Amino acid sequence: MATRTVQIGSSHGLHARPAKLFAQAAKDAGLPVTVAKGDGKPVNAASILGVIALGVEQGDEVTLTAEGEGAEGVLDRLAELLTTDHDAE
């Protein structure tokens, strides 16, 4: 199992657009991936509703967890999505 803690870069947090990009990438990874805000309960990272329900704001830290072959690479890609400010584009 691989774990990564990252800080959210989008200036408006994980609202619809960045949450959709993140959830789609998690789904496409082909591995079970969860995301949790702080010490909260992890949710399925491929679920856009679950991701939005976390209420993640800019600067919040989230913990990603993935299991399976290639989990480190999956977390690298997902972490990059979360640290990018998609609202600046």
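The following paragraphs lead through a predicted model, beginning with its sheet and ending with a single buried histidine.

The sheet is a suitable starting point. Strands of a sheet pair through backbone hydrogen bonds, and the pairing may be either parallel or antiparallel. In this model four strands form an open sheet in the order 1-4-2-3, and the pairing is antiparallel. Strand 1 (2–7) and strand 3 (43–44) are the edge strands, each of which pairs on one side only. Helix 3 packs on this sheet, where it touches strand 1, strand 2 and strand 4 (61–66). The direction of helix 3 makes an angle of about 10 degrees with that of strand 1.

The pairings can now be followed across the sheet. Strand 1 and strand 4 are joined in the antiparallel sense over six bridges; Gln7 stands opposite Glu61 of strand 4. Strand 4 also pairs with strand 2, again in the antiparallel sense, over five bridges. Within this pairing, Lys37 stands opposite Val62, and Ala36 stands opposite Thr63. Strand 2 (residues 33–37) in turn pairs with strand 3 over two bridges, also antiparallel. Here the bridge partner of Thr34 is Asn44, while that of Val35 is Val43. Strand 2 and strand 3 form a hairpin with five residues between them. In its turn lies Gly38, with a positive phi of about 55 degrees.

Attention may next be given to helix 3 (71–83). Does the length of this helix agree with or depart from the expected span? At 1.5 Å a residue, its 13 residues should span 18 Å, and the end C-alpha atoms are indeed 18 Å apart, so the two values agree.

The helix also has two contrasting faces. An α-helix has 3.6 residues a turn, so residues three or four places apart point the same way. In helix 3, the buried residues are Ala71, Val74, Leu75, Leu78, Ala79 and Leu82. These residues lie on the same side of helix 3 because they cover an arc of only 130 degrees around the axis. The face turned away from this buried side carries the exposed residues Arg77 and Glu80. What covers the buried residues? The covering elements include strand 1, helix 1 (16–28), strand 2 and strand 4.

This packing leads to the largest nonpolar core, which has 23 residues. Phe22, Val35, Val62, Leu64, Leu78 and Leu82 touch the most other members of the core. At least two residues are supplied by each of strand 1, helix 1, strand 2, strand 4 and helix 3. The largest share, six residues, comes from helix 3. Leu78 serves as an illustration: leaving out residues up to four places away in sequence, it touches Phe22, Ala25, Ala26, Val33 and Leu64.

The last stop is His86, in the segment after helix 3. Is His86 buried or exposed? A residue is called buried when its relative accessible area is under 20%. His86 has a relative accessible area of 7%, and it is therefore buried. Apart from neighbours within four places in sequence, His86 is in contact with Ser10, Arg17, Pro18, Leu21 and Leu81.

Key:
Residues numbered from 1 in each chain as written. Predicted model: local features only at pLDDT ≥ 70, side-chain atom pairs only at ≥ 80, totals over all residues. Heavy atoms only, no water. Buried < 20%, exposed > 50% of the residue type's maximum accessible area, 1.4 Å probe, protein only. Contact = heavy atoms within 4.5 Å. Pairing = 2+ DSSP bridges. Axes fitted to C-alpha atoms, helices over the stretch in contact; angles between N-to-C directions. Expected span 1.5 Å × (residues − 1). Arc of directions from axis to C-beta. Core = buried A, V, L, I, M, F, W, Y, C linked by side-chain atoms within 4.5 Å.
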